[in-house]
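Student: I'd like to learn how to read strands, sheets and surfaces off a model like this one. Can we go through it together?

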Amino acid sequence: MRLAFSNSATRSLTFLLLFLLVAVLPPSGNSVERVGISRAASMVHFDVFSTRVSSDAISGWENFIIGTVNRTTTIETRLVNDIDAPLNDVEVTCTSYWYEGNYPDRGHIIFREMILVDLPSGKGSSTSKIVFRWTPTISGSYILNISAHVPGDARPMSTDPIFLQGKKYEQEGKGYFYSGVWVAREYWDCSSYKGWVGTSDGGSIGEVWRPVIHPRGEQEDQQHSAPWTFWAGDIVNGTAPLNGTHSLVSPELDLEGFSPNPYDIEIGGRRPQIYLLYRYRGNLTPMGDGRGKLYHLISTDGGTSWRPLNDSRGMQIVVTGSTPEGYWSYITRPPAYGSNPLIGMDMGAYLGKKVRLRLDLVPSGLNETGVLIDDIVLMGIERLEERPFSLGPPSKVGIDVEPSGTVSFSFNVTNRKWRSDLVLRFEAVNASGYLSMERDIKVEPDVLRIPAGTVLSTSVRVNATIPKGAISGPGRILVRAAGGGYDRDVEMTFDVQAVHKVISSIEGNVQSTIEPGTPIPISVLTENTGNIRERVELTFVTGSDLAWDRPRRTVVLDPGRSFITKGNLSVALGSPSGPKKGFFVISPIAMPPDQEVLARVVTGNADADWTVFPVTYTSRQFHDIRLISSGKSHYIDDPPEEGNLNLTYNLFLMNSGNGDDEVSFSCSDLVSREGMTLVLPDNITMGANDTRVVDVRVNIEFPLPDGIYNLTIMACSSGAEDTSDNSVELLLIVGRPPVSRGIYLLNGSLEVRPENVIKGQDAIFFFKVRAFGYLQPVQFTINLLLDGVQFDTGVFTSSLIGVKEYQFIIRFQDHGTREVSLVLADAMPLPVPGGELRRSLNLTIQVHFIEIAIDELGLDGRTGWDLNRTFSLGEHDIQALVRNLGDMVVGLVTVHLTVQEVSEPENRTVIVLNVSDLGPGSSSRLELRFRTFRPGTTYHVTLSFQDRGLWKESNSTNDLQTMVVVIGEEEPPVPFWRVPMFLYITGGVVLIALIVLSYLLIRKGL
């Protein structure tokens, strides 16, 4: 028992260990290579040999397929895999385009169906048969297109779709077009007459045209409707008639429903739009007197009279001779040019008529089979209305409505048979100006979808909400229906009743202090919020010396319109101080003269329709000193080498204030130079509206550098406030151009910020430029050189005078010592005036770099790891090494240590570790004891930079270290029966029991 128990426990323990080992190992499932192909055409292709089209009606004609209306057309194909990987959910789409002789109009899709298929792995593998079924409802010509879309492909469809039955016809000077898949209106499989009539004139009895099985009982594979065919002859021995005329007459063929623009392939380079096709087989040996031929005649009067059916050359269409043994031929006609026969009899000349055809068999008289006729088809492009729909009149006109009311109309839409699904969109495209077509007008439905070939009449409803400001009188709404390349409008009318409402408002400071000569802007807004035209008058009346700079005015306002009268209120210079009051009056009716208006407003007798806005101001004393120069410039073209010179500037001083003023003078020398002395006038007392002439004298001591000198003279009022133009700028120009002007770099002004330039970060170089001698700012160019090589060019604009600071921004990609130079590109006069001015500036800098690397990451002193190694459960030391590879001290480096379980990614621990003051070339070792490892668990341990703070690395390829740690299972507890104490106690008990048992046996004499 003990041995059995041990074996069982051993097996269980082994199974458990194998299970845990498999659980902790990463899955080893098969991987599927992602195919990096961007074109579906490079991944799949269609099997052309298994691609075919057939119809429930008729098919297999030369170069194209023929089906009939309301009979199913089947399209079959197969998709082939071009790569060595499986492809799932490949979209295979079949589309039928309406075709009118030119390249298919992709805007008219008659049929579209998409099928999802899976391709097995392996180049050359293919899907099973892919089948589309389409039931056309309109006769005419179509092109079928099959294309594939592989999921993930950049293009929506492959670039090499298959055009089925798209025979290519070259047109001289017109490119090419594709023949289409024809859908016929009428088809006879010759299994019964179905409206055809057989008659005979002469010959033996029973030789009339009739539906029969092949007269000789032969099975014809190429005969679609085998075994039935039309034939005239002796049914017993299978021979044709020997004499007489045997006629096969068609039912009445209505050609009115076909396209009104027929054309022929030999004329327009395209197929006819109306023609008759049939197959024939047999032999007719041509003989004299017109024997041995099958003639074609046509009647437009129901069969009363007949005339030959001619081809494009004016010759009657005749069939004679023999077809190859076992083959069927097609009825053909000769082209207008060339010699290759064309399939079918052109019926385009009889468009719009009802005709009957007659086929007259005149036998040769020989013992022949005769002619068999089968698969008779009448084909043509069905005539469709150019306008696919029509609109009825609105249900109501001239409805009375008030503003904020609602009007409702409706009109009928009747569609005509159209070649594809017709989508009609309805929207309001025009309306009375107060109506918002997006907000106020709603059309239901806004989209109407009508299936192809159906006729539908439906009602469209229009609801309109009339805004409050709608104009009084007649209104209109124009609704447009658009679809099928055509649009049409319906106009609806209503009448809006009259509402009178004029409102006014005033904007500006209407109660404040006013200074003489200083205008106060005032705006008056008048709005017509009613819905009829209003005549509005505006005037300003006052009993003081307030003045309004706009005359009395009359404005006619349409509904919803407004006008703003902008003007200024003012009092004249010298006006006495005190209160000033006036009134703005707006009225929708005529007002009396201003004096009467003022009197009625002041006495409280203003008309009820008037709107009155009072304005009140207080006038106070003001100061206004103006200084004007009669000559602002003095020129010294040939300055003496030494000596003195006195100049005088004549200025005009005016006191435009309303009281006495004490005026003083000062000067601002914007270009301070030694060698000039200014003599300003003494203080002057001026009365109101007083004018004086004052002189400013300048004493010049030579030598004086050439240039332009600016002197600003200011006249200062004694008043507390002075907003007048009380300064004038004087110019002193010494020397001749260009010496007297220039733009120069200021010596010592080139500096870099921040002081420590770091590779990969922006360094800003500041410099200063002095400009003088220009009457307006000018542009100048400065070239930036690094180590003597031009690096950048900057175009700057100078200040008018004085010194201005500019900057260049450089991001260095290499570290080390660099020479930075600025050079003025513009030609400058020599010598440079003044030692502080330069044409170039130089600066030597040291470019530093920072690069922090995580060199090592290990567990318990191991820097590498092995997936086969399992760490025991318990505490483990995690070590990391961070190194500074740059040439600058980094104050603080922050790294994140992340311990994350593989099986439960959300269970992770993130520990932030910091390294301070890491010097160039030095390293710092980080150690951490991690206590929270769980048994039987695999961890990803990652050390990474999460936030670099104010420093950036120039190389970020060593920002992360990671390792995998596998923790073993927890040691199972020792069974209690294996514990030494248990063994001692058990052994003692057994020993005592044996002693007692031996004693008892001895006592009994055993």
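Tutor: Sure, let's begin with a strand pair: β20 and strand β29 (residues 370-380) run antiparallel and are joined by nine bridges. Strands count as paired if DSSP finds at least two bridges between them. The elements are DSSP runs numbered from the N terminus: helices are H or I with at least four residues, strands are E with at least two. One example from this pair is Gly282, whose bridge partner in β29 is Val371.

Student: Before we go on, what are the ground rules for this model?

Tutor: It's a predicted model, with local features needing pLDDT of at least 70 and side-chain atom pairs counted only at pLDDT 80 or more, while totals for chains, interfaces and linings use all residues. Residues are numbered from 1 along each chain as its sequence is written, and side-chain values use heavy atoms, with hydrogens and water left out.

Student: Which strands pair with β20 over two bridges?

Tutor: In general, strands of a sheet pair through backbone hydrogen bonds, either parallel or antiparallel. Here, β20 pairs in the antiparallel sense with strand β27 (residues 345-346) over two bridges, and Tyr275 has Asp346 as its bridge partner there. Strand β24 (residues 329-330) is also antiparallel to β20, with two bridges, and Arg279 is matched with Tyr330. Strand β23 (residues 318-322) pairs with β20 antiparallel over two bridges as well, with Asn283 opposite Ser322.

Student: Is strand β20 mostly covered or exposed?

Tutor: Mostly covered: ten of the eleven residues in β20 (residues 274-284) are buried. Buried is under 20% relative accessible area, exposed is over 50%, and partly exposed is in between (1.4 Å probe, protein chains only).

Student: How do I spot the edges of a sheet?

Tutor: Look at the strand order. One open sheet of four strands runs β70-β69-β72-β73 with antiparallel pairing. β70 (908-918) and β73 (960-967) stand at its edges with a single partner strand each, so one side of each has no neighbour in the sheet. On average, neighbouring strands in this sheet are turned by 15° against each other, direction ignored. Inside it, strand β72 (residues 937-945) runs antiparallel to β73 with eight bridges, one of them involving Thr942 and its partner Thr962.

Student: How do I read single residues, say Tyr97 and Arg449?

Tutor: Check the accessibility, then who sits across from them in space. Tyr97 lies in strand β6 (residues 87-99) and counts as buried because its relative accessibility is 6%. Its C-alpha is 4.8 Å from that of Ile109, twelve residues apart along the chain. Arg449, in strand β35 (residues 447-450), is exposed at 58%. Arg449 and Leu424 are 25 residues apart in sequence, with 6.3 Å between their C-alpha atoms.

Student: How many disulfides are there?

Tutor: The rule asks for a pair of cysteine sulfur atoms within 2.5 Å, and the count comes to zero disulfides. As for cysteine accessibility, Cys190 is buried at 0%, whereas Cys667 is partly exposed at 30%.

Student: Which residue of helix α4 is exposed at 61%?

Tutor: That's Tyr984, which sits in helix α4 (residues 980-1003) and has a relative accessible area of 61%, so it counts as exposed.

Note on methods: Axes are lines fitted to C-alpha atoms, for helices over the stretch in contact, and angles run from 0 to 180 degrees between N-to-C directions.
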